[in-house]
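Trainee: Hey, could you walk me through this one? I've got the sequence and the model open.
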Amino acid sequence: MVLPLESVPNFSEGRDSATIDALAGALAGRVELLDVHADADHNRSVFTVVGEQEELVDALLAGIACARERIDLREH
């Protein structure tokens with residue numbers, strides 16, 4: 001029996017809903033997205049995802065790729 005793994009990645013974006021939605025979509029396309037918490041005051045978003053090992057790694061890499069495309073830390 002393979003048990004699911006959980007990951008709680010966070011990204012430096014808590015104000016731009018389009019970017020938060022894109023990150024959620026990138027993650028959820030491969031694993032189950034359980035929760036999204038966006039904090040505008042700290043400009044951070046935290047996502048909770050679960051899935052099997054390979055799918056979880058793929059989801060996290062997709063989230064990273066999305067963040068690289070959409071988040072410019074020089075604008076923070």
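**Starting from one serine**

Mentor: Sure, let's start with Ser7, which touches Phe47, Thr48, Val49, Leu56 and Leu60, leaving out residues up to four places away in sequence. Keep in mind that this is a predicted model.

Trainee: Okay, where does Ser7 sit?

Mentor: Ser7 is part of strand S1, which covers residues 5-7.

Trainee: And is Ser7 buried or exposed?

Mentor: Ser7 counts as buried, because its relative accessibility is 16% and the cut-off for buried is under 20%.

Trainee: How do S1 and S4 pair up?

Mentor: They run in the antiparallel sense, with three bridges between them. In that pairing, Glu6 stands opposite Val50 in S4.

Trainee: So how much of S4 is covered?

Mentor: Mostly covered, I'd say: S4 spans residues 44-51, and six of its eight residues are buried.

Trainee: What about S2, how does that strand join S4?

Mentor: S2 is residues 10-11, and two bridges join S2 to S4, again antiparallel. Look for Asn10, which stands opposite Val46 in S4.

Trainee: And how many bridges join S3 to S4?

Mentor: Seven, and that pair runs antiparallel too. S3 takes in residues 32-39. Two spots to click on: Asp35 faces Thr48 in S4, and Asp39 has Arg44 as its bridge partner there.

Trainee: What do S3 and S4 form together?

Mentor: A hairpin, with four residues between the two strands. One residue to look at is Asn43, in the loop between S3 and S4.

Trainee: What's the phi of Asn43?

Mentor: Near 50°, which is a positive value in a residue other than glycine.

Trainee: Why should I care about the sign?

Mentor: Because most residues other than glycine have a negative phi.

Trainee: Got it. Is Asn43 buried or exposed, though?

Mentor: Asn43 counts as buried, since its relative accessibility is 7%. The cut-off, again, is under 20%.

Trainee: Let's switch to the helix. Which helix holds Ala62?

Mentor: Ala62 lies in helix H2, which runs over residues 53-70.

Trainee: What does Ala62 touch?

Mentor: Ala62 touches Ala26 and Arg30, if you skip residues up to four places away in sequence.

Trainee: How far apart are Ala62 and Arg30?

Mentor: In sequence they're 32 residues apart, while in space their C-alpha atoms are 8.8 Å apart.

Trainee: And is Ala62 buried or exposed?

Mentor: Ala62 is buried, because its relative accessible area is 15%, and buried means under 20%.

Trainee: Okay, new topic: which residues make the nonpolar surface patch?

Mentor: Val57, Leu61 and Ile64 make that patch, and its area is about 260 Å². Ile64 is found in helix H2.

Trainee: Why does Ile64 count as partly exposed?

Mentor: Because its relative accessibility is 44%, and partly exposed means in between the under 20% of buried and the over 50% of exposed.

Trainee: So in H2, Ala62 is buried and Ile64 is partly exposed?

Mentor: Right: Ala62 has 15% relative accessible area, and Ile64 has 44% relative accessibility.

Technical notes
Residues are numbered from 1 along each chain as its sequence is written. This is a predicted model: local features need pLDDT of at least 70, side-chain atom pairs count only at pLDDT 80 or more; totals for chains, interfaces and linings use all residues. Side-chain values use heavy atoms; hydrogens and water are left out. Buried means under 20% relative accessible area, exposed over 50%, partly exposed in between (1.4 Å probe, protein chains only). Two strands pair if DSSP finds at least two bridges between them. Contact means heavy atoms within 4.5 Å. Patches are made of residues with over 30% relative accessible area and no salt bridge: like charges are joined within 9 Å, nonpolar side chains (Val, Leu, Ile, Met, Phe, Trp, Tyr) within 5 Å. Accessible areas come from the Shrake-Rupley method with a 1.4 Å probe; for residues, only the protein chains shown count as cover. A salt bridge is a side-chain nitrogen of Lys or Arg within 4 Å of a carboxyl oxygen of Asp or Glu.
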